[in-house]
Amino acid sequence: MMLRHLCSTLAFVFLAVWLGAQPRESGFVFKASDLMQVSQKVAGDSAAWPLVVGLSERYLLRNEFRLPASAQKALKPFAELRRKVNLERQTLSQLIKRGAPVLAEAEFSAASAALQAHDKAVSDGKLEPALSAGEKFLSLLPELSSTVEARRTEAIEAKLKKKAGTVDKRKGLLGVWQPALEGDLLAESDGIRTAAQSSALLAFVDGSTLFVSENTTAIVRTARIDRLDKTLRADVVLVKGTLLSQLSAQAQEAGMFKLNAGSSEAIVNSGKFWASVSDARIVRIARIANYDGTMQVQAGKMLVTLQKNQGTVVLQGKEPLPPVELLPAPRLRWNGLDTVIFRNELTLQWNPVPNAAKYHIEVSPESDFSRHVKAYFTTALSLQLKNLPHETHFVRLQAIDRLGLRGADSPTYRILRSPDTEPPFLFVQDFPTQLGDTLLRYTTLNRLTLRGESEPNSTLLKDGELLTTMPNGTFEFTVQLDTLAEKLVQLSALDAAQNRRNLVLRIKRIRIEQLRELSWSCTVHTDTLLSKGLPIQVRGLAYPNLTLHLTHSGKIYSAIADSKGNWAISVEPTPNQTLTVSFESPDSKEPIIIRTYFVK
């Protein structure tokens, strides 16, 4: 009997756990803890629990739900729909990777909106809207898929995203050159041509770009999206001039981008490369520089692999040179990447790069140098920019080696040209207090070396005499105090428009005698403090912002004098221990002892 009873009990428990619920009356009753399991069973997805809750009755005392038979029947078509929707989510993700947002923008937006409406209706517990939106999503997905696949079988056109100056296009190999407009599309075999002081930026659907410099002719021989791996397949011919590429990570990884420059052909696994084709007398010369990843350059029977920051040169009818290390980037002699100027001209100065034959300087109003780029070449270590308009200018530099290969890019420097109505800035270090145009500093030294900075190329005067400054605007000079209690120095900075900034440097000597005048809360007998076991307070008159320290029984107590020099410190005394009063030197930041006492 006991065995049969135990078996019956175990069977009941097993059945309750397996079902997660039990039929009761005319509906399906289940515990609140089984909500997710029941939602998965009756709605096809545990995430659809808001629908189950919305269609159920709640028994708070028993913490149970009752799902009527009619609700169970209503959820059956939803469960089937939900399984299909969840399955097709993966299809939508694959279509996104295949370029659905670009190739079928309208269809993708409609399908995405229907899916979002379906999910929102489910989370809101609204069955009918969830069914309607889900069915709409499933009906739109085949159209989206077929549209994407159909369009991916077509050649992908490169878009003329930006242009400056005179830019022409040619449709097909036998077409006639005609003016190009921003937004024009270049299909296979179409060409692009820039004139002097002109440029163009071509953009592909995967995010890759080609910057076409002035006096350049290029042909888009191939521009497709591969059906299998969904990557860009492009083949660009550089007839003459210069190209600078920025390939997407996808295109770089796939290695389906080809460049034909002169008599060479390159397979690109690089995110950024530069190529140039020019004529030297009768021989055409191709120069290729790689800045990221690898490039395989072939000419004749010779194949060379360019690693990061390597380049090669290919003479017409010759094999490519072995890889050459590119020159590092020159750096402007500035403290930072940003500067503000108030004149319409600026002299750039940079550090020399060993083995550089010349330097290439690019100036553009756009940070990506995609339009209105002004290019300068010089063998000097400086360049004067003139007639700069009131706007932000971006500058970058490269060193060109003796083979004509373009080195690595410098950091991008930003120059803001403002109207020349403001005086140049003037800053002097270690003067913590400023009252108007007067800077105040206290010191314990007889001789001070002062350092500061002003606007580059400004004129600096010290007490009316010319003061030498560095190209970046920094300066330093020495002030001799000797026995003087106070020293005044007049500084003036003038820019080219004669805007003037004046500062008065007021330097005062610290008198330690004044610091020794202390007021104690306890009795002082010579150098002994009679604390009587009570807290000791000490006050004094120092100099504004001076830091005072009390060292007693292994502890340091500190205070900073206020704007009038007043300060106070309280300590808990320890008998038969010394107490030292000191101040922090504003010059060396080291403590200087004023007096030492013995505590009783």
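These exercises, each with a worked solution, cover salt bridges, two pockets and one serine in a predicted model.

Residues are numbered from 1 along each chain as its sequence is written, and side-chain values use heavy atoms, without hydrogens or water. Because the model is predicted, local features need pLDDT of at least 70 and side-chain atom pairs count only at pLDDT 80 or more, while totals for chains, interfaces and linings use all residues.

**Exercise 1. Find the salt bridge of Arg 396 and place both partners.**

Step 1. Recall the rule: a salt bridge is a side-chain nitrogen of Lys or Arg within 4 Å of a carboxyl oxygen of Asp or Glu. The whole structure holds 27 of them.

Step 2. Find the partner. Arg 396 pairs with Asp 409, with the closest N and O atoms 3.8 Å apart.

Step 3. Place the two residues. Arg 396 sits in strand E27 (residues 392–400), and Asp 409 in the loop between E27 and strand E28 (413–417); they are 13 residues apart. Strands (E, at least two residues) and helices (H or I, at least four) are DSSP runs, numbered from the N terminus.

Step 4. Check the burial of Arg 396. Its relative accessibility is 9%, so Arg 396 counts as buried. The classes are buried under 20% relative accessible area, exposed over 50%, and partly exposed in between (1.4 Å probe, protein chains only).

**Exercise 2. Describe the salt bridge of Glu 486 and Arg 506.**

Step 1. Take the distance: the closest N and O atoms are 3.0 Å apart.

Step 2. Locate the ends. Glu 486 belongs to strand E36 (residues 486–494) and Arg 506 to strand E37 (residues 500–509), 20 residues apart.

Step 3. Classify both. Glu 486 is partly exposed at 32%. Arg 506 is partly exposed at 31%.

Step 4. Look at a network too. Salt bridges link Lys 162, Glu 182, Glu 366, Asp 368 and Arg 371.

**Exercise 3. Characterise the largest pocket.**

Step 1. Define the term. On a 1 Å grid over the protein atoms alone, a pocket is an open set of points where a 1.4 Å probe fits, with protein on both sides within 12 Å along at least five of seven lines; lining residues have an atom within 4 Å of a point.

Step 2. Give the volume: about 930 Å³. A volume is the space filled by probe spheres set on the points, which are joined across faces, edges and corners.

Step 3. Find the centre. Of 40 lining residues, Glu 214, His 360, Lys 374, Ala 375 and Phe 377 are the closest to it.

Step 4. Name the main contributor. E24 gives the largest share, five residues.

Step 5. Sort the lining: 16 nonpolar, 16 polar and eight charged. Ala, Val, Leu, Ile, Met, Phe, Trp, Tyr, Cys and Pro count as nonpolar, Asp, Glu, Lys and Arg as charged, and the others, Gly among them, as polar.

**Exercise 4. Do the same for the second largest pocket.**

Step 1. Its volume is about 280 Å³.

Step 2. Of 14 lining residues, the closest to the centre are Pro 432, Asn 545, Leu 546, Pro 586 and Lys 589.

Step 3. Strand E31 (residues 438–443) gives the most, three residues.

Step 4. The lining holds six nonpolar, four polar and four charged residues.

**Exercise 5. Is Ser 264 buried or exposed, and what does Ser 264 touch?**

Step 1. Ser 264 lies in strand E15 (residues 264–269).

Step 2. Its relative accessible area is 3%, so Ser 264 is buried.

Step 3. A polar atom of its side chain lies 2.6 Å from the backbone oxygen of Ala 261.

Step 4. Beyond four places in sequence, Ser 264 touches (heavy atoms within 4.5 Å) residues including Leu 259, Ala 286, Ile 288 and Val 314.

Definitions and conventions: A polar contact is a pair of N or O atoms within 3.5 Å; within protein, one must be able to donate a hydrogen and the other to accept it, and residues adjacent in sequence count only if both atoms are side-chain atoms.
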